[in-house]
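Trainee: I've got the sequence and the model open side by side. Can you walk me through it, one question at a time?

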Amino acid sequence: MPIDKDIKKVLIIGSGPIQIGQAAEFDYSGSQACKSLREEGIETVLVNSNPATIQTDIDMADTVYTEPLTPELVAKIIEKENIDGILPTMGGQTGLNITTRLGDLGLIDGIKVLGNDVDTIKDVEDRDLFAEFMDRLNEPIPKCRAVESVEEAIEAVEEIGYPVIVRPAFTLGGTGGGVAHNEEELIEIASHGIDMSFINQVLIDESVLGWKEIEFEVMRDKDDTCIIVCSMENVDPMGIHTGESVVVAPAQCLNDQEVGALRDASIKIIRALGIRGGCNIQFAFNPENGDYKVIEVNPRVSRSSALASKATGYPIAKISSKVALGLTLDEIKNDITKDTPASFEPTIDYVVVKIPRWPFDKFRGISREIGVQMKATGEVMAIGRTFEEAFQKSIRSLDMCYEGFEYMDYTEDDLAHPTDLRFFQIYSALKDGMDINKIQELTKMDVFFLYKIKNIVDFENDVTLEKLQDPEYFRKAKQMGLSNKTLANLTGETEEYIKNLANRFNVKRSFKLVDTCAGEFEAKTPYYYSTYDEGNELTVSNKKKIVILGAGPIRIGQGIEFDYCCVHSSLALKEENIETILINNNPETVSTDYDISDKLFFEQLNFEDVMGVIEQENPDGVIVQFGGQTSINLSVPLANAGVKILGTPYESIDRVEDRELFADLLNKLHISQAPYGLANSFEEAKEVAERITFPVLVRPSYVIGGRAMEIVYDNNELEEYMKEAVKVSPEHPILVDKFLEDAIELDVDLLCDGEDVFIAGIMEHIEEAGVHSGDSACVIPPQTIPTHILDTIREHSTKLALELGVKGLMNIQYAVKLDEEMVYIIEANPRASRTVPFVSKAIGIPLAKVATWIMTGSKLKDFDLTKEIKIDHVAVKEAVFPFLKLPESDTVLGPEMKSTGESIGIDENFGMAFYKSQLSAGMDLPKEGKIFISVKKQDRKKIKPIAAKAKELGFELIATGGTADATGDSDIEKIKKVSQGSPNIRDAILNKEIDLIINTSEGKQSAKDGYIIRRLAIELGIPYVTTLAGARAALNAIAAVQNNKINVKSLNEYVEEI
Amino acid sequence: MKKQAKLALEDGTILKGEGFGYETTKVGEVVFSTGMGGYTESLTDPSAKGAILMSTYPVEGNYGVCEDWYQSDKIQVEGFVVREVCKHVSNFSYQKTLDDFLTEFKVPGISGIDTRDLTLKIREYGTLKGAISTEEIDDDELIALARDQSDDVGSELVKLVSTKEIQQFSEDFDKKVAILDCGVKKSVIQEFLQRDIGVVVFPYDTDYKTILDYDPKGLLVSPGPGNPDSIVESITTIQKLANRLPVFGICSGQQLIAKSFGAKSFKMKFGHRGGNQPVRDLETGKVYITSQSHGFTIDKESLKGTGLELTQINLNDGTPEGIGHEELPILGIQYRPEATPGPNDTKFVFDDFSKMMDDY
């Protein structure tokens, strides 16, 4: 028996809410870990404060905790559950940090840490220890020195050598660094940097800018067997975070000796660290002479390991978990071949390209420049037989309306200062005939990749309608990754024409298998990608089968919640013995795990590509409800192509998305909505706004995650908005709604089978209407809404669902004006919403599964889901924001969604549940100390009770002049604004005098003062709230935690009590 | 100008693609290698003589060709089959493109082939005889050429790649190893020289006395092409030396040792070619990732009663990867510890043999 017999119960630490740099990849790895350990007969306990991941489903682990990921609470769980071992390597940096903290605090003495020792983690996490460690191994790393004066900087460079990168340690927004090529530049940059740094320190790094970045995914078991799962090459040069880079697998431009050298180094490092499991090693590689330096070692699964797993079919997290338990690689089977062992190296016979997905559409006005700081929220992957094909497929997968490379304006400066658009700009420069060597000089990208893009440019330049009449030429075009739409544009023909041409020539897409072994062994796992080589490996069964469309890349507004639903749907269909076919392109998520569905197609979610699968599979139906707006947008084109859409009739989508049809529907059902109008021009918008009176909420008519939505208060703002908005969506008019000030927003998630309606959850938002529902905290059950209002909401929801013939899930948003006793509907979406996993967990019902069963003919009655479920606990969902990662961003909330993820807090009462949700979202609310308050004019009249409550809780208060006066409390200390001279609030914050910041300001006019305060809070990690409702809830939470101990309780226990 | 090329298989299949390299027609056995790099090394490996090599990785030639990477003085394969040849090369050490490299050594290449599809075919039916042409040629004629090859070529191929004269490297080292050259790679010689062991390379048919005259401390039987059955001269020499010197056999060298003790080898369905094969050492239980390139292997059962014993096995299919002898200092390894191409993880095998020579 290879497994350590003392280990019977293992705690898996999750990574918490989705944030930039720590996202869905840990949803995937943690879920795999749970499954993998259970397969070995281990009892699993999971802790993760993320409600949206499938990991925190109670059937994923034996016991699931959604408690905040703090060492103290995790220690409580360890004690309560009598844990034998901890698996820290599946929860990203969070998992490692908590484990080292637990170790430092002596809270895990006698408990086995699986996979890694705490010391190993420190050897690679601590900058100095890492340098020492690599020195012992004789492996080179870039030299780095921290200095506090210009003299020291000069001295440091004598050792390091020019060029160097100078980075101020700790500045506002990470600004003030630069590259110094000589002493003159060094003096200038270093002295400026020292001034900018809050601690007057700059870091001098040896420059490897412009080198290549190469990654190796390595595995090791306790017998010292080591394998390389995958090599990956960043298309972007060093200086751009690997999470920001386009990455290709396997590495393309290294010769056998170079691969050998990096491989040997990787194995040496993982052996020296004694890791049992997976490890990611990043190298800078000098393309001029083959030198390399070790940049980073991650002794855990990572974003790259998720990518490598999907790119090769080798499930790193799953195997790592088993290896951590003590199994050796040769004792574990390769899932794909079923009869060869996991102790081999995957070899691939295709090209994989990954592209990050950035949130710049949500943060207008901030710099799109990419660099060492990760800004992307998600990524897409595509597989092709050529680099060109894989790259173009990957671009299409972004779901940003690109058909592939597209021409856009650029300058040489753009090429030298990369943004998310750099590849389009390179393509455009090539199209304009710019010399490839010049582009190489500007971008520092390997010419290998530039020539590949040029191949596409050359091909496109060559395409004519006449040439396309040759079937071989046509096939070549498809092998270049050109979509029918692109070919139509290039030839001036219609897409339909191109499609017919393809049919006539019988140039069909073929599907090939991802099999870990380049065809050497038979693959048993149907994991497919499409290409235009002739050999087609797709085998179609004659079983009943259903296609589920995924949600594509994780982005703001469309997060892992949708992936969660797709996975549930697939599992539900499997239980019904229906063959499940999943189409998605996100390498980070559980849905693209090859053992979730009967068949996985790693494909773009465009009409042409989805039809490519459907035409060959000929499924009994397609489910579009779970993939967010991505799949919903396909429902009409698919239905028009004769594909059966399961569940809610697709016409109903139009009835709620088209404003006029929606208004008719509401009239018919006697449901109120805020006054509104449609506008195609500024004049029209102005007319509407004047009719319904300002403030108004403006947005394009088709929206996802509140894109380009804004509250405007006057004509000037409206005009400005119209200028920008028209670009967003030219085919659809702008919606102008009356903005309901001081309304409370509610969300309803319900199930309907066409006859009955099950109200799954009514969520009361904490932040007032006007803050995007995805950004607002919310609570189940509602805390302040009278029963009769809730009854109205139930009644409206039921009527609407039945009228629309909903079969499956629907989400409805309401705004309630308590003073007027009015309920207004804001919007209705006949599909799964982002709150489905949260509600499912709060009430203990797998909503997405039930929705799927309804779509295949079951009734709510079959599941006894007739009455709303009453819960005794309170569940709070809080949004988690990427402000720290986006240096220029402001933290003020509005109708545009900005959050990347969410946390959950569950407890007996609202205060404690809210406290937990905040802690999980990174807001460690203080129990005592000093609160700074500064609110906008409209809020002053409401600040008095808040200030009084804070005082009652024992806090000292400090406020800006106007706010202090508004409280009517003369004891409150007044402090100057930043613009009023010093000493001011900035100094107080920097001196760490402030423990909580309450700061509200008016949307766009937000004064510079407010911005500086909020940015400082972000950078210094000081808890802050930017709405009054948030402030009230925070004080409520503080009161709860002052009086009570924080207890841990599993989700299983809460569900049992229902 | 793009030129047409064809690949014909013995089963009558004709695959059309684009030609590169030299304009000519060649015949050989179509085999696939799953390595993702190292094409220069594979193409110049003498044991690939007689093969039409196909890469399963779809883009080849990305980093060009450098003469330092050659494993012999020329390209040994009969033809190269790829999905795509990279035209714009990137690597600081490259001297020529893959296309020019093939042209230089008069070897034809074909690109634009669905190599995965062909790999699956070979997986199903086994290695196929083939003919590759970058010239104007009739389909039927090319198929006939593919079919018209003798099945088990062996000594003819070895004759072509083995040294004609005895060659010495670093004669001044005290410790010397004799290499019986059935198609030795440069990197094998390098491995010895790096360990301060002099090397004397002998033609494959050298008699044992000539070898002993050079006073080597051990004998290495090199890898080589073709069916080991027919290389009788080498087998005889090994028989004579096996109780006089420590003997180390790599790849087909291991099979020749086995034969000299009376064991048998057989042709595998499609062989092992690539850099990812897992091997277990039966004594230590350790698992290694190895580089391999062979189409024949030892019949495990036939080892019984020969005094030879199995020491290592392949974890994918259980085939023998290493042999030893009950009494004699014999080390047989089926994989390629010298790497180039592929993982360097088993280079310690050369240390093991060096120690064997010291201990003898």
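Mentor: Sure, and keep in mind that this is a predicted model. Let's kick off with Thr34(B), which sits in the loop between β3 (25-33) and α1 (39-43) of chain B.

Trainee: Okay, is Thr34(B) buried or exposed?

Mentor: The cut-off for buried is under 20% relative accessible area. Thr34(B) comes in at 1% relative accessibility, so Thr34(B) counts as buried.

Trainee: Which residues is Thr34(B) in contact with, leaving aside its neighbours within four places in sequence?

Mentor: Some partners belong to chain B, namely Thr56(B), Arg273(B), Gly274(B) and Asn276(B). The others sit across in chain A: Thr347(A), Cys517(A), Ala518(A) and Glu520(A).

Trainee: Glu520(A) makes me curious about the whole contact. What is the area buried between chain A and chain B?

Mentor: Chain A puts 58 residues into the contact and chain B puts in 49 residues. Carbon and sulfur atoms give 47% of the buried area. In chain A, Asp256(A), Arg385(A) and Glu520(A) lose the most area to chain B, together 16% of what that side buries. The total buried between the two chains is about 4,200 Å².

Trainee: And how many salt bridges are there between chain A and chain B?

Mentor: Take Arg116(B), which forms one with Glu537(A), the closest N and O atoms being 2.5 Å apart. For polar contacts, the count between the chains is 25 residue pairs, both residues at pLDDT 80 or more. For salt bridges between chain A and chain B, the count is nine.

Trainee: Which element gives the largest share of the side of chain A that touches chain B?

Mentor: Elements supplying at least two residues each are β11 (226-234), α8 (256-273), α15 (447-462), α16 (471-479) and β17 (510-513) of chain A. The residues of that side divide into 20 nonpolar, 15 polar and 23 charged. The largest share, seven residues, comes from α8(A).

Trainee: Let's head inside. Which element gives the most to the largest nonpolar core?

Mentor: That core has 177 residues, and those with the most contacts inside it include Tyr314(A), Leu549(A) and Phe626(A). Tyr314(A) touches Met219(A), Ile227(A), Phe344(A) and Pro346(A), among others, not counting residues up to four places away in sequence. The element that gives the most to this core, with eight residues, is α15(A).

Trainee: Why is helix α9 of chain A largely enclosed by the rest of the structure?

Mentor: Look at residues 303-312, the stretch that makes up this helix. The buried residues include Arg303(A) and Lys310(A) as well as Leu307(A). After α9(A) comes Gly313(A), with a positive phi near 85°. The helix is largely enclosed because its buried residues number 10 of the 10.

Trainee: Now Asp420(A): which side chain does its side chain make a polar contact with?

Mentor: Asp420(A) lies in the loop between α12 (412-416) and α13 (422-431) of chain A, and at 12% relative accessibility Asp420(A) counts as buried. Beyond its neighbours within four places in sequence, Asp420(A) is in contact with Trp358(A), Phe360(A), Arg368(A) and Ile370(A). The polar contact, at 2.7 Å, is with the side chain of Arg368(A).

Trainee: How many residues apart in sequence are the parts that Lys35(A) and Asp595(A) tie together?

Mentor: Their side chains meet in a salt bridge of 3.3 Å, N to O. Lys35(A) lies in helix α1 (residues 25-39) of chain A, and Asp595(A) in the loop between β20 (579-584) and β21 (599-602) of chain A, so the parts tied together are 560 residues apart in sequence.

Trainee: Last one: which residues are linked with Lys393(A) in a network of salt bridges?

Mentor: Start with Lys393(A) and Glu603(A), whose side chains meet in a salt bridge at 3.2 Å, N to O. Lys393(A) is buried, with a relative accessible area of 2%, and Glu603(A) is buried too, at 1%. The network links Lys393(A) with Arg396(A), Lys478(A), Arg509(A), Glu603(A), Glu608(A) and Asp609(A).

Key:
Residues are numbered from 1 along each chain as its sequence is written. Chains are lettered from A and ligands numbered from 1 in the order in which they are written. This is a predicted model: local features need pLDDT of at least 70, side-chain atom pairs count only at pLDDT 80 or more; totals for chains, interfaces and linings use all residues. Side-chain values use heavy atoms; hydrogens and water are left out. Contact means heavy atoms within 4.5 Å. Buried area is the accessible area (1.4 Å probe) that two parts lose on being put together, summed over both. A salt bridge is a side-chain nitrogen of Lys or Arg within 4 Å of a carboxyl oxygen of Asp or Glu. A polar contact is a pair of N or O atoms within 3.5 Å; within protein, one must be able to donate a hydrogen and the other to accept it, and residues adjacent in sequence count only if both atoms are side-chain atoms. Helices (H or I, at least four residues) and strands (E, at least two) are DSSP runs, numbered from the N terminus. Ala, Val, Leu, Ile, Met, Phe, Trp, Tyr, Cys and Pro count as nonpolar, Asp, Glu, Lys and Arg as charged, and the others, Gly among them, as polar. A nonpolar core is a set of buried Ala, Val, Leu, Ile, Met, Phe, Trp, Tyr and Cys residues joined through side-chain atoms within 4.5 Å. Buried means under 20% relative accessible area, exposed over 50%, partly exposed in between (1.4 Å probe, protein chains only).
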